[in-house]
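Hi,

Here is the structure I promised to pass on. Have a look at it first, and my notes follow underneath.

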Amino acid sequence: MSTSDNLILRAFPRGRIDDTTFETVSEAVPAPAAGEVTVANRLVSIDPTMRVWLDDERTYMERLTPGQVMRAIAIGEVEASCAPELPVGTRVLGLTGCRTRATVAASSLQALPDIGPLPLEAHFGLLGHIGMTAWCGLTEIGQLKAGETLVVSAAAGAVGSLAVQVGKLLGCRVIGIAGGRDNVRYLRDTLGIDDAIDYRSEDVSARLGALCPSGIDVYFDNVGGAILEAALEHMALFGRIVACGMISAYNREAVAAPRNLLNIVTRRLRMEGFVILDPRHDGAAAYRALLEWAAAGRIQYRVHAFDGLEHIPEAINTLFDGSHHGKVVVRVG
Ligand SMILES: NC(=O)c1ccc[n+]([C@@H]2O[C@H](COP(=O)([O-])OP(=O)(O)OC[C@H]3O[C@@H](n4cnc5c(N)ncnc54)[C@H](OP(=O)(O)O)[C@@H]3O)[C@@H](O)[C@H]2O)c1
């Protein structure tokens, strides 16, 4: 019987993940029954929402309980199969978790298409849930139109850096908000957006006022809290707020709400949240658009890779201190 190294939840964190949150345990992997496959994981996607899944109260999926394997999206290869639709060697993606092997129902997995010279990580980033989040957030939720002013927070991150580029490619004026000089330089000089604000050293509200004199048509919010409050201060009439994420709240038990929610009424704004895992989103449209732009060299993305299952806790924490550059993944197995 094969074995798997599993990252087991031991205790829900209060604040940041620490040494007491997880334990790595080697466990036997059952052979697949009819309709099941055993997957050898290769890459685990590290997403801010993992911290929400670790919240006993606020999670939006089935609650994890101590003793379970930490949930994660992962890519692997079918190693043993009792499901004719997924033969041995098929490359698959699914919520197989933070472990090196898993036996799961074949119906819970997605067989991955060949993406030619693009790296495996692209199935998470550009062509996966990250690209879909940027595209569907802007087009379906934000109803973004050419000529509008788009503001994106956490703009140098995985979702944000794609959202700002999609905004430019759709013909918009794009302002990014990110932390630190390097990120601001990356947004302005490498991604070529119209301007960028450093929320760590600048007055975000004052800068938004100066850079968006006619107001913000679409605010793509990855952060919530004080930055959402600053954006609300400068929304144009009938503007849209894409509530993609509120990372400033994930490590905290209580967060002060924006104090200017009345602006939603007086400026006739629409604010809508979404979860990209819902089937209502048009992933195929996102895939087509992003693949075409990537093939034409019109869109860029970065990957920040860690090696080894034991680095998953550290990798999750980098999302909250801004010490990563691009889509965070952990190579396992
Ligand atoms: N709705 C959905 O279905 C969906 C799907 C995927 C992701 N998301 C959301 O999208 C957002 C970005 O996710 P991602 O995977 O692309 O991660 P990411 O942007 O690559 O990493 C998170 C970034 O958030 C910024 N950040 C962290 N704490 C912050 C704080 N207190 N204030 C301001 N900025 C802070 C940091 O940016 P700096 O380095 O610039 O400080 C960090 O790099 C998250 O909110 C996530 O939950 C939503």
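Let me start with a helix pair: H2 and H3 are oblique to each other, because their angle falls outside the parallel, antiparallel and perpendicular classes. (Under 35 degrees counts as roughly parallel, over 145 as roughly antiparallel, 65 to 115 as roughly perpendicular and the rest as oblique.) Before going on, note that this is a predicted model, in which local features need pLDDT of at least 70 and side-chain atom pairs count only at pLDDT 80 or more, while totals for chains, interfaces and linings use all residues. Numbering runs from 1 along each chain as its sequence is written.

Back to that pair. Helix H2 covers residues 129–141, and its axis packs against that of H3 at about 45°, 8 Å apart. Helices here are DSSP runs of H or I with at least four residues, and strands are E runs of at least two, numbered from the N terminus. Axes are lines fitted to C-alpha atoms, for helices over the stretch in contact, with angles from 0 to 180 degrees between N-to-C directions. The crossing of H2 and H3 is right-handed (the near helix is turned clockwise from the far one by less than a right angle; anticlockwise would be left-handed). On the H2 side you'll find Ile130, Gly131, Thr133, Ala134, Trp135, Gly137 and Leu138, which meet Ala158, Val159, Leu162, Ala163, Val166 and Gly167 of H3. Contact means C-beta atoms, placed from the backbone, within 7 Å. That H2–H3 contact has nine nonpolar, four polar and no charged residues. (Ala, Val, Leu, Ile, Met, Phe, Trp, Tyr, Cys and Pro are nonpolar, Asp, Glu, Lys and Arg charged, and the others, Gly among them, polar.)

H2 also packs on helix H8 (residues 283–295), with the axes coming within 9 Å and crossing at roughly 100°. H2 and H8 are therefore roughly perpendicular. Gly131, Met132, Trp135 and Cys136 of H2 touch Gly283, Ala286, Ala289 and Leu290 of H8. By class, that makes six nonpolar, two polar and no charged residues.

Another pair is H5 (residues 204–211) with H6 (residues 225–233): their axes come within 9 Å and cross at roughly 30°, so these two helices are roughly parallel. Their crossing is right-handed. Val204, Ser205 and Leu208 in H5 meet Ile227, Ala230, Ala231 and Glu233 in H6, a contact with five nonpolar, one polar and one charged residues.

Now the domains. An automatic or database assignment sets the bounds, giving domain 1 (3–125 + 301–331) and domain 2 (129–273). Their C-alpha centres lie 29 Å apart, and 13 residues of domain 1 contact 12 of domain 2. The domain 1 side of that contact has six nonpolar, four polar and three charged residues.

Finally, the ligand. There are 26 residues around it, with Gly157, Ala158, Gly179, Gly245 and Gly322 coming nearest (a residue is near if its C-beta atom, placed from the backbone, lies within 6 Å). Both domains supply at least three residues each to this shell. H3 (158–169) and H9 (312–321) each provide at least two, and H3 gives the most, with three. By class the shell has 15 nonpolar, 10 polar and one charged residues.

Cheers

How values were computed:
Two residues are in contact if their C-beta atoms, placed from the backbone, lie within 7 Å.
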